[in-house]
Amino acid sequence: KQWYQRRVAITAGMTNKICAKCSQAIPNNWLIFEDRYYHAQCFNCSSCRRVIDVRETFNQNGAQIICGNCNVSVNLPKCLICRQPVQGQRLIYMNQSFHFSCKKCARCGVPFQEGQANDIKILQNGDFLHKTC
């Protein structure tokens, strides 16, 4: 994987170029990336489908072009409970990640909070408890 920023050229003029994404003719304005031609609206993220501005950072993975936002989400660990990416502090047990707010005390049912990592004990069965419960 490589990160690209401002390595896309914008050109204009009459042409017989074919878009690498949609395989349609490009009549006038086009983008060039890695010697391939694109309509501006076809140069989009393979994940979220948002058109990628030529000034933003993006990633290429094979034929897929991934915007910076999606690349961050794809590479972050996922919470075992809600399956969403975990940014910042997280609970980790048996190589699994959890949001603090998704994991609840097995005794009192209250969710944990960031900054409480030292106040949590984990039982042999994998239950998380507040040390005070």
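This report walks through the fold, the aromatic pairs, the cysteines and one histidine of a predicted model.

**Overall layout**

Let's start with the broad view. The chain has one helix and 12 strands. Reading from the N terminus, the order of elements is β-β-β-β-β-β-β-β-α-β-β-β-β, so to speak a run of strands with a helix slotted in. Of its 133 residues, 31% count as buried. The accessible surface adds up to about 8,600 Å², and carbon and sulfur atoms account for 47% of that. As for contacts between residues at least 6 apart in sequence, 23% of them join residues at least 24 apart.

**A hairpin to look at**

Strands E7 (residues 57-61) and E8 (residues 64-67) run antiparallel and are joined by four bridges. Pick Gln60 and you'll find that its bridge partner in E8 is Ile65. The two strands make a hairpin with two residues between them. Gly62 sits in that turn, and its phi is positive, at about 65°.

**Aromatic pairs**

How many aromatic pairs turn up in the whole structure? The search finds eight. Here are two of them, with their geometry.

| Pair | Centre to centre | Angle between planes | Type |
|---|---|---|---|
| Phe43 and Phe58 | 5.4 Å | 85° | edge-to-face |
| Phe98 and Phe128 | 5.9 Å | 65° | edge-to-face |

Take Phe43 and Phe58 to begin with. Their planes stand at 85°, so the pair counts as edge-to-face, the cut-off for that label being over 60 degrees. The two rings link distant parts of the chain, 15 residues apart: Phe43 belongs to the loop between strand E6 (36-38) and E7, while Phe58 is in strand E7. That puts Phe58 in one arm of the hairpin described above. Phe43 counts as buried because its relative accessibility is 0%, and Phe58 is buried as well, with a relative accessible area of 0%. Ring pairs also bring in other residues here, linking Phe33, Tyr38, Phe43 and Phe58 into a cluster.

Now for Phe98 and Phe128. Phe98 lies in strand E10 (residues 96-98) and Phe128 in strand E12 (residues 128-130), so this pair ties together parts that are 30 residues apart in sequence. Both Phe98 and Phe128 are buried. Phe98 has another partner of interest: Lys103 lies over the face of its ring, at 4.7 Å from the ring centre.

**Cysteines without disulfides**

What about disulfides? The structure holds zero of them. Cys67 is in none, and its nearest cysteine sulfur, the one of Cys70, is 3.6 Å away. A disulfide would need the sulfurs within 2.5 Å, so that spacing doesn't qualify. Cys67 has 1% relative accessibility and therefore counts as buried. Cys108 is in no disulfide either: the nearest cysteine sulfur is that of Cys133, 3.6 Å away. Is Cys108 buried or partly exposed? At 39% relative accessibility, Cys108 counts as partly exposed.

**His130 and its surroundings**

Finally, back to strand E12, where His130 has its place. His130 counts as buried because its relative accessibility is 10%, which is under the 20% cut-off. Which residues does His130 touch, leaving aside neighbours within four places in sequence? The list is Cys105, Cys108, Val110, Pro111, Phe112, Gln116, Asp119 and Lys121. So Cys108, described above as partly exposed, is one of the contacts of buried His130.

Notes: Residues numbered from 1 in each chain as written. Predicted model: local features only at pLDDT ≥ 70, side-chain atom pairs only at ≥ 80, totals over all residues. Heavy atoms only, no water. Buried < 20%, exposed > 50% of the residue type's maximum accessible area, 1.4 Å probe, protein only. Pairing = 2+ DSSP bridges. Contact = heavy atoms within 4.5 Å. Areas by Shrake-Rupley, 256 points an atom, 1.4 Å probe, with all protein chains shown as cover. Phe/Tyr/Trp six-rings, centres within 6.5 Å; stacked < 30°, edge-to-face > 60°. Lys NZ or Arg CZ within 6 Å of the ring centre and 35° of its normal.
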